[in-house]
Amino acid sequence: MDLNNVTLLDVIDRHTLQNLQDAFAAATGMAAIATDKNGPITEGSNFTDFCMKLTRKSRTGADRCNQCDLHGGEEASRTGKPAVYFCPSGLMDFAAPVIVNGQHIGNLIGGQVLPEEPDEEKFRRIAKELGIDEDEYIAAIHKVKVIPKRQIEAAANLLWQMANALSEVGYQKLMALDSQKGKDDLVKDVINKFTTIDDQ
């Protein structure tokens, strides 16, 4: 493994990451997904129909969602705390970066909720931009959970703690691999020296 190009899936296998994310979503009632620099690496947990069946079915909507997820993780990485923000489609999301050995290798993203009842006119405008039937979009937005902002921030903090734990595990794994590489290099060096002696 190239220790300078570690990925999130080098740190934790996809199945375990999916299980952690599913547990977070079940505990909070919010959506969750893990991403790396190229986009999602897990299946979305507890995603809303508003997002999956409407917003992300629009090419523009899907592009906006993926860019928003990446930007949220970068913002959290820059500030050193969870980023809580509105996505381009008007839902509240949050992100926490996974950083190993100073490298930002992925993000844990949560949310797809509203901190207050939706402004229908705002969501009709978004539906128009995305080419989605306005009435269908409004019906879907009314099914999205309304959760107080302080509870959303608490969930963001929980995701942040999970990301920090993954960062620590990743760092320990990286150090163990580096140590093993050093031992392997030492063994190769000894073998080369014996081979050189035998050849003389």
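How far can you trust this one? It is a predicted model, and across the protein the pLDDT averages 86, with 86% of the residues scoring at least 70. Confidence varies from element to element: helix α6 (residues 134–141) has the highest mean pLDDT, 97, while helix α7 (residues 149–199) has the lowest, 73. Keep α7 in mind, as that helix turns up again below.

**The overall build**

Count the elements and you get seven helices and five strands. Follow the chain from start to end and they come in the order α-α-β-β-α-α-β-β-β-α-α-α. The protein has 200 residues, and 44% of them are buried. Take the contacts between residues at least 6 apart in sequence: 61% of those join residues at least 24 apart. As for the outside, the accessible surface is about 11100 Å², and carbon and sulfur atoms account for 50% of that.

**Pockets and cavities**

Now for the empty spaces. A search of the whole structure turns up three cavities of 30 Å³ or more. Here are four spaces, two pockets and two cavities, with their volumes and the classes of residue that line them.

| Space | Volume | Lining residues by class |
|---|---|---|
| Largest pocket | about 250 Å³ | nine nonpolar, five polar, five charged |
| Second largest pocket | about 170 Å³ | three nonpolar, six polar, two charged |
| Largest cavity | about 110 Å³ | nine nonpolar, three polar, three charged |
| Second largest cavity | about 60 Å³ | ten nonpolar, one polar, no charged |

Start with the largest pocket, which holds about 250 Å³ of space. It has 19 lining residues, and T48, D49, F50, A140 and K143 are the closest to its centre. Helix α3 (49–54) gives the most to this lining, four residues, and β5 (103–113) and α6 each supply at least two.

The second largest pocket has about 170 Å³ of space. Eleven residues line this pocket, with V6, T7, K37, H104 and I105 closest to the centre. Strand β5 is the main giver here, with three residues.

β5 also gives the most to the lining of the largest cavity, this time four residues. β1 (31–36) and α4 (59–79) each add at least two. In total 15 residues line the largest cavity, and R56, D69, D93, I109 and Q112 lie nearest its centre.

The second largest cavity has no charged residues in its lining. Among the residues around this cavity are L17, A32, I109 and L166. Two or more lining residues come from each of α2 (14–28), β1, β5 and α7.

**Two residues up close**

Is S89 buried or exposed? With a relative accessible area of 3%, S89 is buried, because anything under 20% counts as buried. You'll find S89 in the loop between β3 (83–86) and β4 (92–100). Leaving out neighbours within four places in sequence, S89 is in contact with F50, T55, F123, I126, L130 and Y137. One of these, F50, is also among the residues closest to the centre of the largest pocket.

E120 sits in helix α5 (residues 120–130). Its relative accessibility is 32%, so E120 counts as partly exposed. Which residues does E120 touch, not counting those up to four places away in sequence? They are I138 and H142. E120 and H142 are 22 residues apart in sequence, and their C-alpha atoms are 9.2 Å apart in space.

Methods. Residues numbered from 1 in each chain as written. Predicted model: local features only at pLDDT ≥ 70, side-chain atom pairs only at ≥ 80, totals over all residues. Heavy atoms only, no water. pLDDT = per-residue confidence, 0-100. 1 Å grid on protein atoms, 1.4 Å probe; cavity = no way out; pocket = protein on both sides within 12 Å on 5 of 7 lines; lining within 4 Å. Points joined across faces, edges and corners; volume = space filled by probe spheres on them. Nonpolar A, V, L, I, M, F, W, Y, C, P; charged D, E, K, R; others polar. Buried < 20%, exposed > 50% of the residue type's maximum accessible area, 1.4 Å probe, protein only. Contact = heavy atoms within 4.5 Å. Areas by Shrake-Rupley, 256 points an atom, 1.4 Å probe, with all protein chains shown as cover.
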